[in-house]
Amino acid sequence: MAGSVMLPSVSICMALCVFIFFALSLKPLEARQTFGMLSGKPRPRTAAGGICASSVHIYGYKCEEHDVVTQDGYILNMQRIPEGRTGAARTGNGGKRQPVLIQHGILVDGMSWLLNPADQNLPLILADQGFDVWMGNTRGTRFSRRHKNLDPSERAFWNWTWDELVSYDLPAMFDHIHSLTGQKIHYLGHSLGTLIGFASFSEKGLVDKVRSAAMLSPIAYLSHMTTVIGDIAARSFIAEATSIIGLAEFNPKSGIVGGFIKAICLKAGVDCYDLISVITGKNCCLNASTIDLFLANEPQSTSTKNMIHLSQTVRDKELRKYNYGSSDRNIQHYGQAVPPGYNISAIPHDLPLFFSYGGLDRLADVKDVEFLLDQFKFHDVNKMSVQFVKDYAHADFIMGVTAKDVVYNQVATFFKRLA
Ligand SMILES: *[C@@H]1O[C@H](CO)[C@@H](O)[C@H](O)[C@H]1NC(C)=O
Ligand SMILES: *[C@@H]1O[C@H](CO)[C@@H](O)[C@H](O)[C@H]1NC(C)=O
Ligand SMILES: *[C@@H]1O[C@H](CO)[C@@H](O)[C@H](O)[C@H]1NC(C)=O
């Protein structure tokens, strides 16, 4: 790719690449021929048998598998690591461990937090620090492809966007944890996990059950990502994805989506692979073994409708519910011509918040995060902690070998201060 000049035609490919950033950005160059394939190396562990069995018990921690059912019938898998390996000191509330819910971002599942050696993984670190750790897996991911009446092979199973993660998935997970522990919950999100947290708290959905929120690589506005991608990109994605894939499963590992991405890149006349570090930002601190594990386990599916909703967020530069594409259809669904917005400033001003964002993150772009932080200018000053990590990009926050010292210990301190 020819250096610094960003041609408009390149932008179409870039949009796609952004959306599959994990699949591609972490792929070592020598293994790049096929999506999700590894060549010539022993196969790293997969999640066969469940996340607890494959990725928590092996490190000597207790772990429980839980299923929760959302109000619209999806059956979501969760993991609970009730205590640390060392029987570490209890935190707060007369010895009761405080629950933390860890929520992953788009195109991955909870296992993405468990790919480094044990002492570098966020869920295990928090368990060792005395927390009752829960991990969510949103609808459509590997262990949450279940529904009371629908099957993933049916289109109706994929008829949702992050609006439904806000309305159904998060409430189901919060209710479950709250009913078992009787305690308020510390929330920790990465990327899309932050977006659904912000959206939810802005609608005052979970505010009676949330104790605090730590937001890593926070996203809510994506307009500066747009300056890299171009408005055409998002529009092109909406039109082409709908016509080629339809409103069904978006599986980055499948032939249709993979072929679709290649076709778009071809059309733009570029080699998608060479653009990757331009797009996600240059992750400073990833371990090659961890990347192999990541590629054996991720990316996970989402719905095409969700991808389209995200494209709308890029294109429209604001945070609204899914746009059905015409005033009439929006009126039919929402009773108004324009989809309702999420008002970030309406998040209760006394909710303790911790932000951590990276100087090299091209998805949670610094300008967008600063705009987001601006929405909190009336937040109680002593309820806001903001950390800027100059050399971090998007994936460093979940897999960086230095993340324990740079970010996770600060998160634990933030949670404990509220004990
Ligand atoms: C990278 O991961 C491997 C396998 O888990 C581990 O043995 C090695 O110590 C890790 N390297 C660093 C720098 O953490
Ligand atoms: C998708 O859900 C909407 C309501 O959220 C409904 O109007 C529409 O008929 C559903 N489509 C399918 C294919 O299930
Ligand atoms: C958003 O919420 C804030 C705080 O409640 C309020 O002052 C503002 O008017 C709201 N904005 C919109 C567009 O509703």
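**Exercise 1. Find the residue of β6 that is the bridge partner of V100, and then describe how strand β6 is paired and covered.**

Solution. In this predicted model, the bridge partner of V100 in β6 is H186. To place this bridge, take the two strands next: strand β3, which spans residues 99–103, pairs with β6 in the parallel sense, and four bridges connect them. Then turn to the other pairing of β6, where six bridges join it to strand β7 (residues 210–216), and these two strands also run parallel. Within that second pairing, H190 stands opposite L216 of β7.

The last step concerns burial. In a regular strand, side chains alternate between the two faces of the sheet. Strand β6 covers residues 185–190, and six of its six residues are buried. On one side these are I185, Y187 and G189, while on the other side they are H186, L188 and H190, and therefore both faces of β6 count as covered.

**Exercise 2. Work out which strands pair with β2, and in which sense they run.**

Solution. Begin with β1, which is joined to β2 by six bridges, with the two strands running antiparallel; here V69 stands opposite I75 of β2. The hairpin that β1 and β2 form has four residues between the strands, and in it G73 takes a positive phi near 95 degrees.

Continue with strand β5 (residues 146–147), which pairs with β2 over two bridges in the antiparallel sense, and in which R146 is the residue opposite I75. I75 thus appears in two pairings, opposite V69 and opposite R146. Finally, strand β4 (residues 132–135) is joined to β2 by three bridges and runs antiparallel to it, with V133 as the bridge partner of I81.

As for cover, eight of the eight residues of β2 (residues 74–81) are buried: Y74, L76, M78 and R80 lie on one side, and I75, N77, Q79 and I81 on the other.

**Exercise 3. Locate the disulfide and explain which parts of the chain it ties together.**

Solution. A search of the whole structure finds one disulfide. It is formed by C52 and C63, whose sulfur atoms are 1.9 Å apart, which satisfies the cut-off of 2.5 Å for a disulfide. The angle about the S-S bond is -65 degrees, and the link is left-handed. Because C52 lies in helix α3 (residues 51–55) and C63 in the loop between α3 and β1 (64–69), the pair ties together parts that are 11 residues apart in sequence. Both cysteines, C52 and C63, are buried.

**Exercise 4. For each of the three ligands, state which residues surround it and how much of its area the protein covers.**

Solution. Start with ligand 1, which is surrounded by P117, Q120, N287, S289 and V401. Taken alone, ligand 1 exposes 370 Å², of which the protein buries 43%. A polar side-chain atom of Q120 lies 2.9 Å from an oxygen atom of ligand 1, and the shell divides into two nonpolar, three polar and no charged residues.

Ligand 2 has A156, N159, Y324 and H333 around it, and the protein covers 38% of the 360 Å² of accessible area that ligand 2 has on its own. Its shell holds two nonpolar, two polar and no charged residues, and one of its oxygen atoms is 2.3 Å from an N or O atom in the side chain of N159.

Ligand 3 is surrounded by N343, S345 and A346, and the protein covers 27% of the 360 Å² that ligand 3 has accessible on its own. An oxygen atom of ligand 3 is 2.4 Å from an N or O atom in the side chain of N343.

Key:
Residues are numbered from 1 along each chain as its sequence is written. Chains are lettered from A and ligands numbered from 1 in the order in which they are written. This is a predicted model: local features need pLDDT of at least 70, side-chain atom pairs count only at pLDDT 80 or more; totals for chains, interfaces and linings use all residues. Side-chain values use heavy atoms; hydrogens and water are left out. A residue is near a molecule or strand if one of its heavy atoms lies within 4 Å of it. A polar contact is a pair of N or O atoms within 3.5 Å; within protein, one must be able to donate a hydrogen and the other to accept it, and residues adjacent in sequence count only if both atoms are side-chain atoms. Accessible areas come from the Shrake-Rupley method with a 1.4 Å probe; for residues, only the protein chains shown count as cover. Ala, Val, Leu, Ile, Met, Phe, Trp, Tyr, Cys and Pro count as nonpolar, Asp, Glu, Lys and Arg as charged, and the others, Gly among them, as polar. Buried means under 20% relative accessible area, exposed over 50%, partly exposed in between (1.4 Å probe, protein chains only). Two strands pair if DSSP finds at least two bridges between them.
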